[in-house]
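Trainee: Please take me closely through one part of this structure, and then set that part in its wider setting. I should be grateful if each technical term were explained when it is used.

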Amino acid sequence: MNCTQAQALLHPHHDGELDAANTLQMEQHLADCPQCGGALRTLEAMRAVLRQEGLRYQAPPTLRQAVLKAAQEAAKTKPAPAALRTRWQLTSVAVASLAAGVLATLFLFHLQSNNKGNPLLAELTSSHVRSLMAGHLTDVLSSDRHTVKPWFDGKLDFAPPVKDLADAGFPLIGGRLDYLTGRPVAALVYGRKKHLINLFVWPADSTPASSVPSVTEHMGYHYVQWQAGGMALWAVSDLNEAELLEFAHRWTAQ
Amino acid sequence: MTPDPSASYDHLVLPHLDAAYSLARWLTGNDSDAQDATQEACLRALKFAGGFRGGNARSWFLKIVRHTTWTWLKRNRGHHEEVEFDEELHGGEDLSTNPETILMRQADINAVRQALESLPPEFREAMILREIEGCSYKEIAEIADVPLGTVMSRLARGRQQLQTLLTAHPQTGGSP
């Protein structure tokens, strides 16, 4: 790859929008070329500046209340489909329970809102969603861990542990090279009935996370984070919390 | 499936209210316009919730927010706020900027805000969606209703202009 090609791909690379092959070539070029490498560091510095607290505005409480009120009034007065209207007219209890539900949603949402500023969660979400959308779920498609593990050789500066959990109901589907927080990571793909689990693996850094898996919810997905064998592990899936936790425990136990 | 519009609304709109308000706030440049536009967008979303056919709820809602906000601005301010970025004035391409120069700006959030606000609206909106909301190119393309290639070039140009703005003038207090 030369500088002209690298400059054309610099922004999509910085945004994690390149496929594995181009990403690898970019990494090589960026390591060799001080000028292009410097341009990337400038973009990274700008991102750090833009991701600081305070640049993302939060909806004021007055707006939240107004929006809720409008929704409730619209639900009461708006001509709704026949089935819905009867339901609304059945009893005012329905209205009260909806309001309670909305409040509960808001409360839960408030609890979760802390995660929204977490750039790693955002990156994990993008990687997970992109892997599902772009037809780029796996680079190596195999349920055989002896095929998947060697595939990573030479593509990563660490050897990711690859386990098949078919016996526990989480069959290995394949592996893929991915990018998180500016470093190449291994993404292992597992199935659970019709759900897919992306397990992101990279060497744990100096700030040790707990070896006990913990769950976070973000944008409708579940995230289980833990550490094992010196690796940082993040499982991302639309699978329910309990089963995703079970996956994490089985994975560590094996 | 016949979705219950109010239930979909809880699911589609309320979780993304901060994102909606933040986008509207960046597009309008002030709190009161942003609140009005967000509220109107919520009402539109409520109306259209039954038409949501699955997929990415945040993109679906932010697309409504973006459209409503621009329409709202046009109606209430009578213009699209087309600000021409003066490349002559702000200097041209400079890929050799020292990252530390930009990082110094971290201390001065108002300077960063001002720089973002002075970007042309199309670039600003792409930058906000990418850098602050963490949207993918595909999501931005859907929200702003433009092709992927346009997203990429708006981000590239937006970043270049922002870089110029953040590095061209050394800190100058907080002049409006």
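Mentor: Helices (H or I, at least four residues) and strands (E, at least two) are DSSP runs, numbered from the N terminus. The model is a predicted one, in which local features need pLDDT of at least 70 and side-chain atom pairs count only at pLDDT 80 or more, while totals for chains, interfaces and linings use all residues. Residues are numbered from 1 along each chain as its sequence is written, and chains are lettered from A and ligands numbered from 1 in the order in which they are written.

The part I have chosen is helix α9 of chain B, which spans residues 137-144. After α9(B) comes B:Asp145, whose phi is positive, near 60°. The helix is mostly covered, since seven of its eight residues are buried (20 or more other C-beta atoms, placed from the backbone, within 10 Å; exposed means 12 or fewer, partly exposed in between). The buried residues are B:Tyr137, B:Glu139, B:Ile140, B:Ala141, B:Glu142, B:Ile143 and B:Ala144.

One of these, B:Ile140, leads us further into the chain. B:Ile140 is among the residues with the most contacts inside the largest nonpolar core, together with B:Ala20, B:Leu23, B:Ala45 and B:Phe61. That core has 63 residues (a core being buried Ala, Val, Leu, Ile, Met, Phe, Trp, Tyr and Cys joined through C-beta atoms within 7 Å). The element that gives the most to this core is helix α2 of chain B, residues 17-28, with eight residues. B:Ala20 touches B:Thr38, B:Ala41, B:Phe61, B:Leu62 and B:Val65, leaving aside residues up to four places away in sequence (contact means C-beta atoms within 7 Å, placed from the backbone). A second, separate core of 34 residues includes A:Leu165, A:Leu172, A:Leu199 and A:Trp251.

As for the chain that holds our helix, chain B contains ten helices and zero strands. Of its 176 residues, 45% are buried. Among contacts in chain B with a separation of 6 or more, 73% come from residues 24 or more positions apart.

Chain A offers a contrast worth studying. In chain A, an open sheet of seven strands follows the order β1-β2-β3-β4-β7-β6-β5, with antiparallel pairing (strands pair if DSSP finds at least two bridges between them). At the edges stand β1 (140-141) and β5 (214-218), each with a single partner strand, so one side of each is left without a neighbour in the sheet. Within the sheet, seven bridges join β3 (residues 183-192) of chain A to the antiparallel β4 (residues 195-203) of chain A. A:Val189 stands opposite A:Asn198 of β4(A). Helix α9 of chain A, residues 241-253, lies across β3, β4, β5, β6 (221-228) and β7 (231-237) of that chain.

Let us end with a single residue of this sheet. A:Leu196 is placed in strand β4 of chain A. With 18 other C-beta atoms within 10 Å, A:Leu196 is partly exposed. A:Leu196 touches A:Leu132, A:Val189, A:Gly191 and A:Ser237, when residues up to four places away in sequence are not counted. A:Leu196 and A:Pro171 are 25 residues apart in sequence and 10.0 Å apart in space, C-alpha to C-alpha.

Notes. Two residues are in contact if their C-beta atoms, placed from the backbone, lie within 7 Å. Axes are lines fitted to C-alpha atoms, for helices over the stretch in contact, and angles run from 0 to 180 degrees between N-to-C directions.
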